[in-house]
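Here's a quick tour for anyone meeting this structure for the first time. Have a look at it, and then we'll go through it topic by topic.

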Amino acid sequence: MKKVLLMGVLAVISVGVINVNASAATTKKSVKVASSESEKKAAVAQAEKFINGYLKSQDYSSDKWMEKAGTTKKFREEYKKYAQYIEISSKILETQDSKELAKLKQAQKYLENYSGTEYDPIFSAAIMNVGEKPVFKVISYNEKTGIAVLTNTNVLSTDPKVIVDGKSEDLNVEIPVKVVKQNGKWLVDGAGNVNLRSEERFSR
């Protein structure tokens, strides 16, 4: 993750001003889910475009990429906090300096609502199992909640496997993505661990 994320947290803490709230506030903008077949297709297409673009991009964590990829402001804010927590946790394991360690632990404490996520804000540890050349497609879509479930449809023989009853089987990752319509555009408002309620989150 980019160093600017960590520095941003430490800078905020140093002046004693930070407000962390993991529960997403409802946006005041007009938010809609798909109500017709054409809108459903557009919502599904946005979910697929975002996840596949996210996995391919080298600049996926930047605000510029996130906004261009079609995400809500709330999603970007929540994503950044998860990314900050992951980076801080990594730094804590690497740091030997006691003063720096104290600062990192303080920063981590302010972001404790974003704990439990490893390696990647959206996929968490499941990012290790997506394979070399993943192509995610929607396998289900709930028009009421706006949540699409995607899975990798391009599992290679060299991708990670799981042993079931003594047999090696493909390890397929599934990921939920919530898409909403704001101001006439379909945007990602939640994905994996980011900006979804606990009962909506899973990445396996």
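Let's start inside one helix: E78 and K74 both sit in α4, four residues apart, or about one turn of the helix. Their side chains meet in a salt bridge, with 3.5 Å from N to O. Keep in mind throughout that this is a predicted model.

**The overall layout**

- The protein chain has five helices and six strands.
- Reading from the N terminus, the order of elements is α-α-α-α-α-β-β-β-β-β-β.
- Of the 204 residues in the protein chain, 42% are buried.
- Take the contacts between residues at least 6 apart in sequence: 65% of them join residues at least 24 apart.

**Salt bridges**

- How many salt bridges does a search of the whole structure find? It turns up four, and the E78 and K74 pair in α4 is one of them.
- E78 counts as buried because its relative accessible area is 1%, which is under the 20% cut-off.
- Another salt bridge joins E39 and K181, whose closest N and O atoms are 3.1 Å apart. This pair links distant parts of the chain, with E39 in helix α2 and K181 in strand β5, 142 residues apart.
- Is E39 buried or exposed? E39 is buried, with a relative accessible area of 17%.
- K181 comes out at 21% relative accessibility, so this residue counts as partly exposed; the buried label would need a value under 20%.
- D63 and K80 also meet through their side chains in a salt bridge, at 3.0 Å from N to O. Since D63 lies in helix α3 and K80 in helix α4, the pair ties together parts that are 17 residues apart in sequence.
- Both ends of that bridge are partly exposed: D63 has a relative accessible area of 39%, and K80 has 28%.
- As background, side chains of opposite charge can pair when their charged atoms come close.

**Helix α2 and what surrounds it**

- Helix α2 covers residues 37–56. It has 20 residues and reaches 29 Å from its first C-alpha to its last, close to the 28 Å expected at 1.5 Å a residue.
- Quite a list of α2 residues is buried, including A43, V44, A47, F50, I51 and N52.
- What do the buried residues of α2 pack against? They pack against the helices α3 and α4, and against the strands β1, β2, β5 and β6.
- N52 is worth a stop along α2. It is buried, at a relative accessible area of 13%.
- The side chain of N52 reaches the backbone oxygen of E48 at 2.9 Å.
- Leaving out residues up to four places away in sequence, N52 touches P134, V135 and F136.

**Aromatic residues**

- The structure holds eight aromatic pairs. One of them is Y54 with F123, a stacked pair at 6.5 Å centre to centre, with 20° between the planes.
- Y54 belongs to helix α2 and F123 to the loop between α5 and β1, so the pair ties together parts that are 69 residues apart in sequence.
- Y54 and F123 are both buried.
- Which residues make up the aromatic cluster? F50, Y54, W65, F75, Y79, F123 and F136 form it together.

**Strand β2 and its partners**

- β2 is mostly covered, with six of its six residues buried.
- I147, V149 and T151 point one way from β2, while A148, L150 and N152 point the other way.
- β1 and β2 pair in the antiparallel sense over six bridges, and F136 stands opposite N152 in β2.
- These two strands, β1 and β2, form a hairpin with four residues between them. In its turn, G146 has a positive phi of about 80°.
- How many bridges join β2 to β5? There are five, and the two strands run antiparallel.
- Within β5, I175 is the bridge partner of L150.

Conventions
Residues are numbered from 1 along each chain as its sequence is written. This is a predicted model: local features need pLDDT of at least 70, side-chain atom pairs count only at pLDDT 80 or more; totals for chains, interfaces and linings use all residues. Side-chain values use heavy atoms; hydrogens and water are left out. Buried means under 20% relative accessible area, exposed over 50%, partly exposed in between (1.4 Å probe, protein chains only). A polar contact is a pair of N or O atoms within 3.5 Å; within protein, one must be able to donate a hydrogen and the other to accept it, and residues adjacent in sequence count only if both atoms are side-chain atoms. Contact means heavy atoms within 4.5 Å. The expected span of a helix is 1.5 Å times one less than its number of residues. Rings of Phe, Tyr and Trp (its six-membered ring) pair if their centres lie within 6.5 Å; planes under 30 degrees apart count as stacked, over 60 as edge-to-face and the rest as tilted. Two strands pair if DSSP finds at least two bridges between them.
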